[in-house]
Amino acid sequence: MNMATESDMSSWTDLLHSSTKILEQAAPSAQFPPLQRNLDQLEALSKKLKSKTLRAEAPSQSIAATRLLAREGLNAEQLARDLKSFELKTTFEDVFPAEATSVEEYLQQRFMRWHMSSDLDSAEVHEMAMVSAIQEAQKDNLKSFNDCMMKVMKEDWQKEKCDFLQSLSRISTLPRTNSSDSSAGATRPGQIVSVISSPQISSGPSSIGLAPLANKPVLVKKASVYAEVVKNLNSARERGLPFKPATAFKGAYESLGLETSGGKSVDMQKIWHLLQTLMGEDIAVQRNVSRKMSLVIGARRHLEWGHEKYIMDTIQSHPVQAALGGVVGNLQRICAFLRIRLRDYGVLDFDAGDARRQPPVDTTWQQNLFLLEDWVLRGSNTGCQIISCFKSVCFSGMVSAETAAVASEECDKMLRMGDRVGRAAYDKKKLLLYAIVSGSRRHIDRLLRDLPTLFNTIEDFLWFKLSAVRDCPGGSSSVVLNEGLVPYSLDDLQNYLNKFEPSYYTKNGKDPLVYPYVLLLSIQLLPTVLYLSKEMGVEGYNVDATHISIVLADHGVLLEGAGAGQKLGVMDAFAEASSIIWQYGLVYLRSGDLSTVLEYYAQAAAAVGGGQLSWTGKGNRDQQWQRNLMLKQLLTELLLRDGGIYLLLGPRGAGEEGELSRFMTDVKARQQFLLEASCQCQDAGLYDRSIEIQKRIGAFSLALDTINKCLSEAICALARERLDGESQTAGLILSGNEILETYKYYPEVSFQEREHVMEQQTVLRQLEAISSIHKLARVGHYLDALREVAKLPFLPLDPRAPDTTPDVFQNLSSHVQACVPDLLKVALSSMDYVTDTDGSLWALRTKIANFLANNLHRNWPRDLYEKVARAS
């Protein structure tokens, strides 16, 4: 150790001498002045230098990464600090992989944890894990089941509550009916027909007290009174009695006593009055005008009725100024109205005592215009020629070409002269009358362009336009009067009105019925219905739309007034109205009121057929065919519903005592319809309704065939050990026996029908025998089942009988053939439980094998072949 110390000291001494020599040899430099350090300083500097050297020795990859981050504008030190605060947490998937989430794996995991944390025996640990897992699973399943049942119960209760409240609402809205007024089983006004649960429920009036309509919503009120009108309409059309539907609906609406809300210029009562005048139900129909011009005249008469009402209201509100006195003539009423309207203009001509002292205001043309607008010409004393010409326009919509040319020339004169100094401004009324008589599109447009403030209300504007309309079958462009006058047509009016959006007329929804009112006045009938049908507010305008379409369809005017822009075919317009009525009827169908549904379905079919003419068969052939087709479809839809058979066919018979006789009076047509309906019931899987209909019309063979088909399917289900198979077979066999019993006492059965019934009876007995064999095998009576198999007369399986011809199976019914494979399987399976003491079982197996071999084309099931092979 001393030697080591001495060697270290010598090395340090040598290093000191070497440093001293280097220092002496080094020449002093101004750039690098000499520095002297002691050992402690050198040691500190060396440690500092070592630390710098270690940082410089960083890996080249780290240096390159830092430079790359710096070039991208990223701070490496900031990233390092963020990474230190970043924490990685394991997920469930990291701990338990998806492939390990099975019950066995779960139990294994719990077993391993418990085994590591306790000293229990491994068997006890496994048992505890199983019991715990099962208990937890039971608790979870029970909780989930209770939650699900509670949710379903709440939903069902909510639905039942809504249905109950709706049924009460529907019951309470209908008027009371005296049950002693009509016979049992007949449909009566105001009744409640509940035919969903059972077809035996009577269609008579409900015994529940009906609440008054006053407490019900507007929509329910309308639906109730309108439905009663529809029933009356159908009843009248069936019996060929006159009926005015628009008048009836108007009266029904007025009976509700609905108050019109303030600020609205048009209400539904006004629209129903317009429809009444449009259809001409308030006057005798004019025979010398077209249907279109009759509608135009009706629209104008409605406006004239409104103007007359306005005049009378004005007179009654200003009785002193009117000075009507006891005279009630038409001209006197107009003069009284003018006294009020022109009270600021001075003395009027009809009140002037001495015209020479003070020139009175000339009201001649004002009187003429208001008389015409009021449609009270009979009391007028003004007998100028222009008035008589206007009468012709009002009655027929046309004047002679010469008269139109003269009126047009007079209009040109007045337009050229303009307003002269000193001339009264009321000559505009004269110009307006001459323009109406001329019917010239040019003068009509010029008048409105030069005098935009001539009309104060849209009613006055439309009255002027409708008065100027001429009957142009091919449009105004195809008709040119003398001297190149193009008449003003209904298309021109419609095109002008349709330039504006509906919101322009309704004031952005504040007056919603103005737009359909304008559409009706311009004879745009189908657009009116379509617009109102989209209004689903509390006012129930969609309900009104349905019954407006009934009125229009009944009168057959849906296509009238359709302009060039409305490209609808004949059936398209009627189909639109029919669809609206049918969809409205579906509301009653969902609530189970089949009696009311039937009334609306009848109207939907009549709408396709052209309305009133379709009830008498006087419509065109295509429309009549469409009506009959749709009526059959809708009646079939009712037959498919619960209670539909009882409603349409009555308690017995083929419709003589039910509602079907209202729409199909011919017995053969009725039976053919019911036969087709029974086939549709079969296609829909409603075999019970199909059988009932077939029984009603005396088609017993078809009813038995349907029962045999269902019995064959039930036997196959019984062979597959379905729980309800045995009860189904018993019920079907009982139904078949009842049909055979009814057949015995049915009158007028044809010879061909008797043969078919006997064939189906044979099939029924064969299926009954097969069903009994299945039942014996199910209860374990295998020997009795095998004996019954050998006794079957329609299969060559008797061991004691000789072999028969191989076409025995082909002669069987398809329903029986479908049951044979399962029957053979039951026979082969029963043999396994019975001991063959006399060789009869071996003979039966041989018979079965030969039977299959003789009918290889049948394509028997594979397992049947396997059973035969094993038995052999």
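The exercises below examine selected helices, salt bridges and a surface patch in a predicted model.

Residues are numbered from 1 along each chain as its sequence is written, and side-chain values use heavy atoms, with hydrogens and water left out. Because the model is predicted, local features need pLDDT of at least 70 and side-chain atom pairs count only at pLDDT 80 or more, while totals for chains, interfaces and linings use all residues.

**Exercise 1. Determine which residues make the nonpolar surface patch, and which helices supply them.**

Step 1. The patch covers about 470 Å² and is made by Trp12, Leu15, Leu39 and Leu42. Such a patch consists of residues with over 30% relative accessible area and no salt bridge; nonpolar side chains (Val, Leu, Ile, Met, Phe, Trp, Tyr) are joined within 5 Å, and like charges within 9 Å. Accessible areas come from the Shrake-Rupley method with a 1.4 Å probe.

Step 2. Helices α1 (2–25) and α2 (39–56) each supply at least two residues of the patch. Helices are DSSP runs (H or I, at least four residues), numbered from the N terminus.

Step 3. Leu15 lies in α1. Its relative accessibility is 48%, so Leu15 counts as partly exposed (buried is under 20% relative accessible area, exposed over 50%, and partly exposed in between).

**Exercise 2. Explain why helix α19 is described as largely enclosed by the rest of the structure.**

Step 1. Helix α19 spans residues 458–468. Its buried residues include Phe461, Leu462, Trp463 and Phe464, and Lys465, Leu466, Ser467 and Ala468 are buried as well.

Step 2. Eight of the 11 residues are buried, and α19 is therefore largely enclosed by the rest of the structure.

**Exercise 3. Describe how helices α26 and α28 pack.**

Step 1. Helix α26 (residues 594–609) and helix α28 (residues 621–639) pack at an angle of about 160°, and their axes are 7 Å apart. Axes are lines fitted to C-alpha atoms over the stretch in contact, and angles run from 0 to 180 degrees between N-to-C directions.

Step 2. The two helices are therefore roughly antiparallel, a term for angles over 145 degrees.

Step 3. Gln624 is found in α28 and is buried, at a relative accessible area of 14%. Gln624 and Ala605 are 19 residues apart in sequence, and their C-alpha atoms are 9.6 Å apart in space.

**Exercise 4. Compare where the partners lie in the salt bridges Arg689–Asp642 and Glu768–Arg765.**

Step 1. The structure holds 20 salt bridges, each a side-chain nitrogen of Lys or Arg within 4 Å of a carboxyl oxygen of Asp or Glu. Side chains of opposite charge can pair when their charged atoms come close.

Step 2. Arg689 and Asp642 meet at 1.9 Å, N to O. This pair links distant parts of the chain, 47 residues apart: Arg689 is in helix α32 (residues 687–696), and Asp642 is in the loop between α28 and α29 (644–649). Arg689 is buried at 13% relative accessible area, whereas Asp642 is partly exposed at 37%.

Step 3. Glu768 and Arg765 meet at 3.0 Å, N to O. Both lie in helix α35 (residues 751–778), three residues apart, about one turn of the helix. An α-helix has 3.6 residues a turn, so residues three or four places apart point the same way. Glu768 is partly exposed at 29% relative accessible area, and Arg765 is partly exposed at 35%.

Terms used
Buried < 20%, exposed > 50% of the residue type's maximum accessible area, 1.4 Å probe, protein only. Parallel < 35°, antiparallel > 145°, perpendicular 65-115°, else oblique.
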